[in-house]
Structure formats: C-alpha cells, structure tokens
Amino acid sequence: MKEVAIDNKIIKKIFSLFSFEIRLLISLLYLGIIVLLSLLPIDDFPKVPLFPGADKLIHMMMYFLFSLLVLWTFHVKTNIERWKLYLFIIGWGVFMEFLQITMRLGRHFSLLDICANISGVLIGIALYKFVINKLKI
C-alpha cells in the first residue's frame with residue numbers, strides 16, 4: 001500500500017491554525033461544560049433511555065476530548081511538561097468525582113466513573129502522541 005506524503009509545513013499550519021489564546025478559550029469552555037455536566041443534579045437532565053453502561057462511555061468520550069484539547073492547547077515538547085499535563089487531566093477527572101460527593105447535589109461518587117475518565121484520557125494521550133509522532137510536529 002502506497003503511503004501519501006504530507007507536507008509537514010501544511011500540517012503544522014493546520015495544527016497551529018488557532019492562536020494559543022483561542023485554543024485556551026476553547027479548552028476552558030469545554031472544561032466548563034465538563035464541570036456543569038458533572039455537578040448538575042441528575043434530576044436536571046432529560047430522561048433519555050440509554051443502553052446499560054452508556055454513562056461510562058459518555059465519561060470516556062468527554063475526557064478523551066478533554067485530553068486532546070489540553071494537549072493541543074499546551075503542545076509541549078519535554079517529557080516532564082507532558083507528564084504534568086497528563087496528571088492534571090487525570091486529576092481533574094478524579095477531582096470531579098470527589099466534588100460530586102462533597103457538594104451533595106444528588107450526584108454520586110463512582111470508581112467506575114473515575115476508571116472511565118482515566119480510560120478516555122489514556123486513549124486521548126495515545127492518539128495525540130501517535131499523530132504528533134507520525135506528523136513529526
């Protein structure tokens with residue numbers, strides 16, 4: 001199978017299409033959405049029938065996208081800086097679960113939610129690293 005050559009200059013332009021400030025704003029808005037969805041009382045959500053375990057998939061997808069946004073926003077080159085970002089993203093998912101029990105708004109702490117959050121983060125990190133390495137950005 002023939003591989004298509006991609007000009008790194010074009011990819012780098014696409015990758016950095018938005019300024020840091022715009023990327024930060026997008027990440028912060030998404031973080032706000034995560035906070036709202038994590039802390040609003042469950043009774044405030046519409047009753048939509050979902051398959052069993054759908055909430056875990058939702059957690060995973062939310063944190064998958066969050067990890068991609070944070071890594072894109074703060075695109076760092078050193079391992080130490082990357083690990084700080086990884087720990088922040090994972091820590092945020094754990095923090096949200098602990099906030100749910102301390103705020104007493106009808107939400108519940110769940111280890112499975114934490115596992116789903118972390119799974120989404122790890123998949124996001126893996127995809128981001130793959131793309132960055134493949135495109136040599």
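A nonpolar core is a set of buried Ala, Val, Leu, Ile, Met, Phe, Trp, Tyr and Cys residues joined through side-chain atoms within 4.5 Å, where buried means under 20% relative accessible area, exposed over 50% and partly exposed in between (1.4 Å probe, protein chains only). The model here is predicted, with local features needing pLDDT of at least 70 and side-chain atom pairs pLDDT 80 or more, while totals for chains, interfaces and linings use all residues. Numbering runs from 1 along each chain as its sequence is written, and side-chain values use heavy atoms, without hydrogens and water.

**Exercise 1. Find the residues of the largest nonpolar core that touch the most other members, and the helix that supplies the largest share.**

Step 1. The core has 20 residues, and Ile 34, Tyr 63, Phe 66, Leu 71 and Trp 92 touch the most other members.

Step 2. At least two residues each come from helix H2 (20-39), H3, helix H4 (79-103) and H5; helices are DSSP runs of H or I, at least four residues, numbered from the N terminus.

Step 3. H3 gives the largest share of this core, eight residues.

Step 4. Now look at Tyr 63: leaving out residues up to four places away in sequence, Tyr 63 touches Ile 34, Ile 89, Trp 92, Gly 93, Met 96, Asn 117, Gly 120 and Val 121 (contact means heavy atoms within 4.5 Å).

**Exercise 2. Describe how H3 and H5 cross.**

Step 1. The axes of H3 (residues 54-73) and H5 (residues 111-135) come within 7 Å and cross at roughly 40°. Axes are lines fitted to C-alpha atoms, for helices over the stretch in contact, with angles from 0 to 180 degrees between N-to-C directions.

Step 2. H3 and H5 are therefore oblique to each other (under 35 degrees is roughly parallel, over 145 roughly antiparallel, 65 to 115 roughly perpendicular, and the rest oblique).

Step 3. Their crossing is right-handed, with the near helix turned clockwise from the far one by less than a right angle.

**Exercise 3. Do the same for H4 and H5, then sort the contact residues.**

Step 1. The H4 and H5 axes come within 9 Å and cross at roughly 160°, which makes H4 roughly antiparallel to H5.

Step 2. This crossing, of H4 and H5, is right-handed.

Step 3. Among the residues making the contact are Tyr 86 and Ile 89 of H4 and Asp 113 and Ile 114 of H5.

Step 4. The contact residues divide into eight nonpolar, two polar and three charged (Ala, Val, Leu, Ile, Met, Phe, Trp, Tyr, Cys and Pro count as nonpolar, Asp, Glu, Lys and Arg as charged, the others, Gly among them, as polar).
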